[in-house]
Amino acid sequence: MIFGKKIKALREERGMVQRQLAAALEIDTPMFSKIERGERKAKRSQIPIMAQMLEVDEKELLTIWLADKVLDIVEGEDEVKCEAVAYAQKEMKVALG
């Protein structure tokens with residue numbers, strides 16, 4: 001849901017309407033609206049297009065998109081989600097050397 005909120009905020013800051021981004025992504029406006037509301041996930045391939053249209057760093061947008069996916073995965077795992085994310089972070093650091 002954080003990705004949708006960020007996209008909506010960026011779009012509104014730039015005075016854009018949903019149909020402009022939807023057209024750039026080659027989807028209909030109701031589909032884009034669902035992305036903003038968190039009812040549907042954006043595709044990885046759509047991130048560069050949105051970054052360009054919204055004039056933001058692609059890496060920043062990709063980071064938020066990926067963080068949203070992680071949050072979806074750990075949703076409902078209240079007892080261990082923080083530990084699981086910390087463990088994954090530790091493993092990523094090890095893997096990166």
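A pocket, as the term is used here, is an open set of grid points with protein on both sides within 12 Å along at least five of seven lines. The model on display is predicted, and the tour begins at its largest pocket.

**First selection: the largest pocket.** Select L66, A67, V70, I73, V74, A84, V85, A88, Q89 and M92, which line the largest pocket. The space within this pocket comes to about 210 Å³. Colouring by helix is useful here: α5 (58-74) and α6 (81-96) each contribute at least two lining residues. Colouring by residue class shows 9 nonpolar residues and 1 polar residue in the lining, with no charged residues.

**Second selection: E36.** Move next to helix α3, which spans residues 29-37 and includes E36. Is E36 buried or exposed? Its relative accessible area is 5%, under the 20% limit, so E36 is buried. Display the side chains of E36 and R11: a polar contact joins them at 2.6 Å. Beyond its neighbours within four places in sequence, E36 is in contact with G4, K5, I7, K8, R11 and Q18.

**Third selection: L21.** Helix α2, residues 18-25, holds L21. L21 has a relative accessible area of 0% and is therefore buried. With neighbours within four places in sequence set aside, the residues in contact with L21 are R11, M16, F32, M53 and L54. R11 thus appears in the contact list of L21 and also in that of E36. To finish, draw a C-alpha to C-alpha distance between L21 and I7: the two lie 10.0 Å apart in space and 14 residues apart in sequence.

Methods
Residues numbered from 1 in each chain as written. Predicted model: local features only at pLDDT ≥ 70, side-chain atom pairs only at ≥ 80, totals over all residues. Heavy atoms only, no water. Helix = DSSP H or I, 4+ residues; strand = E, 2+ residues; numbered from the N terminus. Buried < 20%, exposed > 50% of the residue type's maximum accessible area, 1.4 Å probe, protein only. Polar contact = N/O pair within 3.5 Å; in protein donor to acceptor, adjacent residues only side chain to side chain. Contact = heavy atoms within 4.5 Å. 1 Å grid on protein atoms, 1.4 Å probe; cavity = no way out; pocket = protein on both sides within 12 Å on 5 of 7 lines; lining within 4 Å. Points joined across faces, edges and corners; volume = space filled by probe spheres on them. Nonpolar A, V, L, I, M, F, W, Y, C, P; charged D, E, K, R; others polar.
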